[in-house]
Structure formats: C-alpha cells, structure tokens
Amino acid sequence: LSPTRVAIVIGDVAGHGIEPSITAFQAKELLRVFLGEYRDPAQALEVLNQRMSRHARAEEFVSILVGVFDVEAGTLRYASAGHPTGWLWHDRDVHPLRATGPLLLLDPDAGYHSREMPNDVDDLLLVYTDGLAEARDGHHLFGEERIAQMLRRDPGIDAGVLCRTLVDAARDFSSAPITDDIAVLAVRRT
C-alpha cells in the first residue's frame, strides 16, 4: 500500500465451481482498488460489500479478513467480514482476531469496523480458511482453539513450517478426507 504499509488478505467464497471462482476474482480485484483508496480496511470492506451486493446471487456469500501492517506505527489494523478467527502472537500471548462485521453479500448496508493491535518485531499473524478449523473426527472439529494452541506451543516457529504443520495436523486429525479448501497464511514481522 505504501513503503511502510502492507496489506494481507485471506478469503473464502461459498460453493465450488466457476461462479464462486469468478466471485473470488472480482472480490480480489475490487478489494485491491479499495485498499488503495481507503486507509481503513473496514471502509474498504463496506464499499466492496455494497458494490458486489448489487450483482450477487441469493446463495452467494464471502468471508474475508484484511490486515494492514504499519511498520512505522508498529500496528496491525484489521477488519473481518465473518471470517474465522485469526490469531496474533504478541507480547508472549496469542490474541484472537474475531469478525468485525457479517459475511459479505448478505446485506448491502452492513457495517464493518476495524480493530488495531500493536505489532512488534517477531510477532506472528496466523489466518486461515474454515476448511482447517472444520476438519472433522466424527462429531469433533479440529477447531480454532487447537489452532491457537499449536501457535502457543512454538511461537518462534518458521511461518512456512507452521502453515504446513497445521495442514498436516488437520489431515491427521480428520477421520475422513478433507473436502473443503484449506488456505493458511502466516506472517512474521522481522
């Protein structure tokens, strides 16, 4: 976004096939524009929701988490449209990044807000799609807390290793093949 501000985005569109793929592409490209226009990620999500809701199919919805790192200010500002809880390792603890508004495309007038957290050198942000947390062993979910526990156990772990470890752990936990998409993103401030 600028020499001192970097954005990360993770999202998930309901369904499979060509139409959800087109929706994901549209959301990505529009959000790229809106993050350039608006400093606040919540405002970018509100405008994205308004714009995309005009042409959305009734069964369509999208979850997105946007984080903006400001290395000069030492902050992470995020907004989440119904996305699964992300986690920030900061100050020797894991802090949740919960949704700050509803899923996109449910209500064109939905409101979103941002939260700002300190972000120091060696802090680690972990976000993922619901396929990871919803891996199942019978009636038991892999779950958000299990994900947070894996980060708590080894907060100094390499970001790429953490992503692979989480996916492997979810597959090992699951009593059947995982059918939902899984995306995991970990970013460490250096």
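Thr75 stands opposite Pro118 of strand 6, and I start from that pair in this predicted model. The two residues belong to the pairing of strand 3 with strand 6, which is antiparallel and extends over 4 bridges. Strand 3 covers residues 75–81, and strand 6 covers 115–118.

Let me place this pairing in its sheet. The sheet is open, has 4 strands in the order 1-2-3-6, and is paired in the antiparallel sense. Strand 1 and strand 6 are the edge strands, each pairing on one side only. Averaged over the sheet, and with direction ignored, neighbouring strands are turned by 20° against each other.

Moving inward from strand 6, strand 3 has strand 2 as a partner, in an antiparallel pairing over 7 bridges. Within that pairing, Val68 stands opposite Arg77 of strand 3. The two strands form a hairpin with 4 residues between them. Gly74 lies in the turn, with a positive phi of about 70°.

On to strand 1, residues 5–13, which pairs with strand 2 in the antiparallel sense over 9 bridges. Ile8 has Gly67 of strand 2 as its bridge partner.

How many of the residues of strand 2 are buried? The count is 9 of the 9 residues, 62–70, so strand 2 is largely enclosed by the rest of the structure. As a general point, side chains in a regular strand alternate between the two faces of the sheet. In strand 2, both faces are covered. Val62, Ile64, Val66, Val68 and Asp70 are buried on one side. On the other side, Ser63, Leu65, Gly67 and Phe69 are buried as well.

I turn now to the helices that accompany this sheet. Helix 1 packs on the sheet, where it touches strand 1 and strand 2. The direction of helix 1 makes about 160° with that of strand 1. Helix 2 lies across strand 2 and strand 3 and runs at about 25° to strand 3.

These two helices also meet each other. The axes of helix 1, residues 18–37, and helix 2, residues 41–53, come within 9 Å and cross at roughly 135°. With that angle, the two helices are therefore oblique to each other. Their crossing is right-handed. On the helix 1 side, the contact is made by Thr23, Gln26, Ala27, Leu30, Leu31, Phe34 and Leu35. Helix 2 contributes Pro41, Ala44, Leu45, Val47, Leu48, Arg51 and Met52. Sorted by class, this contact has 11 nonpolar, 2 polar and 1 charged residues.

One further residue of helix 2 deserves a comment, namely Asn49. Is Asn49 buried or exposed? Its relative accessibility is 0%, so Asn49 counts as buried. Apart from neighbours within four places in sequence, Asn49 is in contact with Leu104, Leu105, Leu106, Asp107, Pro108, Asp109, Ala110 and Tyr112.

Tyr112 also appears among the contacts of Gly101, a residue in the loop between strand 5 and strand 6. With neighbours within four places in sequence left aside, Gly101 is in contact with Ser80, Ala81, Gly82, Gly111 and Tyr112. Gly101 counts as buried because its relative accessibility is 16%, and the cut-off for buried is under 20%. The C-alpha atoms of Gly101 and Trp89 are separated by 23 Å, although the two residues are 12 apart along the chain.

Trp89 leads to the other sheet in this presentation. Trp89 stands opposite Val94 of strand 5. Strand 4, residues 86–90, pairs with strand 5 in the antiparallel sense over 5 bridges. Helix 4, residues 144–153, lies across strand 4, strand 5 and strand 7, and runs at about 25° to strand 4. Helix 5, residues 159–173, packs on the sheet and touches strand 7 and strand 10. The direction of helix 5 makes about 155° with that of strand 10.

What is the order of the strands in this open sheet? The 4 strands follow the order 5-4-7-10, with antiparallel pairing. Strand 5, residues 93–97, and strand 10, residues 184–188, stand at the edges. Each edge strand has a single partner strand, so one side of each is left without a neighbour in the sheet. From one strand to the next, the twist averages 15°.

Key:
Residues numbered from 1 in each chain as written. Predicted model: local features only at pLDDT ≥ 70, side-chain atom pairs only at ≥ 80, totals over all residues. Heavy atoms only, no water. Axes fitted to C-alpha atoms, helices over the stretch in contact; angles between N-to-C directions. Parallel < 35°, antiparallel > 145°, perpendicular 65-115°, else oblique. Left-handed = near helix turned anticlockwise from the far one by under 90°. Contact = heavy atoms within 4.5 Å. Nonpolar A, V, L, I, M, F, W, Y, C, P; charged D, E, K, R; others polar. Pairing = 2+ DSSP bridges. Buried < 20%, exposed > 50% of the residue type's maximum accessible area, 1.4 Å probe, protein only.
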